[in-house]
Amino acid sequence: MDSKDKIIINGSKFSFRPGETILQVAERNGIEVPTLCYIKGSMPTGACRMCMVEVKGARNLLPSCATPAVQNMVVETESERVIKSRWINIELLISSGHHNCLTCEANGDCRLQELAYRYQVETIRFPESPAIYPIETSNALIIRDFSRCILCGRCIQACNEVQVNNAISYGYRGTASKIVAVGDLPLDESDCVFCGECVQACPVGALIEKPSRFKGRPWEVKKVQTTCPYCGVGCQIDLHVKDNEVIRVTGTEDATPNLASTCIKGRFGYDFINHSERLTSPLIKENGKFKEVPWDEALSFVADRLGDIKSKHGPDSIGVFCSAKITNEENYLAQKFARAAIGTNNVDHCARL
Ligand code: SF4
Ligand code: SF4
Ligand code: SF4
């Protein structure tokens, strides 16, 4: 973009739109400023202090996520002072809870761990704060480990701003601070709808998906992008596949229409894929009993029967029912099959009304 408004970041001049923050200008121009609490598209909270930068003329370091770019502002994102501040911040966050990465499900996919490595934090000078809240495991889908929570607030924003479920918020004060559902109830007794958006937003191992726990480390998993099979919205999801088994589902970053969000079905309803009772071959009913047949035989059987009905009773004696559970492209093919192959306009869809 070209604009008369210019900001200088790390010695290079960049244009910006009025209202853009330093972080947004930096990201748009390929300058990575580390963040923990920032969620693209949500209101910046400045909670984690990881994105602090040095601005010429300012006495203190400023949070780049919440500081608007100003004409001729001079910014350093990796100065000695900035790095020292991030270093101490990481040490404080690690000592604020129980961070034994060996036993943590987030090991290898943890923003705090990644930043500690990047900024070469070798020792933690502060004593570890004791865990004051027990791990919550009472529901079937989400484990909450408060001892690993860095209180960044991403889960709250994911719940309240992205999904607009308003199920969680900050509770208590000071060292007793905690992310709580209304009345500090366990999630399964609260307004939570188990969409899992908070788990995907959590940058550390404080929120874990129970069904995928111990099923595979991030580096053992291959991500395969696909379209969610549950409704006609067409959300883009990533299947996390290990040894040909889907062990987890996440929303695909930056892909439309869902921009990484999913509902409970898209995120947690994948166990049918590898279920032992799933039908894997077609069945034909003979003498009141189903028998497994190869696809060729099943398709020929259906084609013969449809052909018979059509020649005896005409094409309009046949109707084709589609479903919102298949993709728009598959629905298109189904109506094409009805109209072009059978010759009828008798096509209907469960999402019509
Ligand atoms: S949350 Fe991150 S830093 Fe903490 S134990 Fe887990 S992997 Fe390690
Ligand atoms: S699962 Fe969904 S509704 Fe429940 S707390 Fe997380 S984001 Fe909110
Ligand atoms: S649960 Fe995760 S996302 Fe929520 S405040 Fe704690 S660390 Fe941040």
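Does Phe-214 count as buried or exposed, and what is the relative accessibility behind that call? The views below, taken from a predicted model, start there.

**View 1. Phe-214, a non-glycine residue with positive phi.** Phe-214 counts as exposed, because its relative accessibility is 65% and the cut-off for that label is over 50%. Its phi is near 65°. Look for Phe-214 in the loop that runs between β9 (207–209) and β10 (222–227).

**View 2. The loop between β12 and α6, home to Ala-260.** Here Ala-260 has a phi of about 80°, positive even though the residue isn't a glycine. Ala-260 is buried, with a relative accessible area of just 7%. Pro-257 also belongs to the loop between β12 (245–251) and α6 (264–268). The peptide bond joining Thr-256 and Pro-257 is cis, with omega at about 10°.

**View 3. Ligand 3 and its shell of 13 residues.** Zoom in and you'll find Cys-149, Cys-152, Gly-153, Cys-155 and Cys-202 as the closest of them. Sorted by class, the shell around ligand 3 has 11 nonpolar residues, plus 1 polar and 1 charged. Ligand 3 sits in the largest cavity.

**View 4. Ligand 2, sitting in the largest cavity.** Residues around ligand 2 include Cys-159, Cys-192, Cys-195 and Cys-198. Also among them are Ile-142, Asn-165, Phe-194 and Glu-197. The class split for ligand 2 is 9 nonpolar, 2 polar and 1 charged.

**View 5. Domain 1 and domain 3, with centres 58 Å apart over C-alpha atoms.** The domain assignment puts domain 1 at 6–78, domain 2 at 216–278 and domain 3 at 283–349.

Conventions
Residues numbered from 1 in each chain as written. Chains lettered and ligands numbered in written order. Predicted model: local features only at pLDDT ≥ 70, side-chain atom pairs only at ≥ 80, totals over all residues. Heavy atoms only, no water. Domains from an automatic or database assignment. Near = heavy atom within 4 Å. 1 Å grid on protein atoms, 1.4 Å probe; cavity = no way out; pocket = protein on both sides within 12 Å on 5 of 7 lines; lining within 4 Å. Sits in = over half its atoms within 2 Å of the grid points. Nonpolar A, V, L, I, M, F, W, Y, C, P; charged D, E, K, R; others polar. Helix = DSSP H or I, 4+ residues; strand = E, 2+ residues; numbered from the N terminus. Buried < 20%, exposed > 50% of the residue type's maximum accessible area, 1.4 Å probe, protein only.
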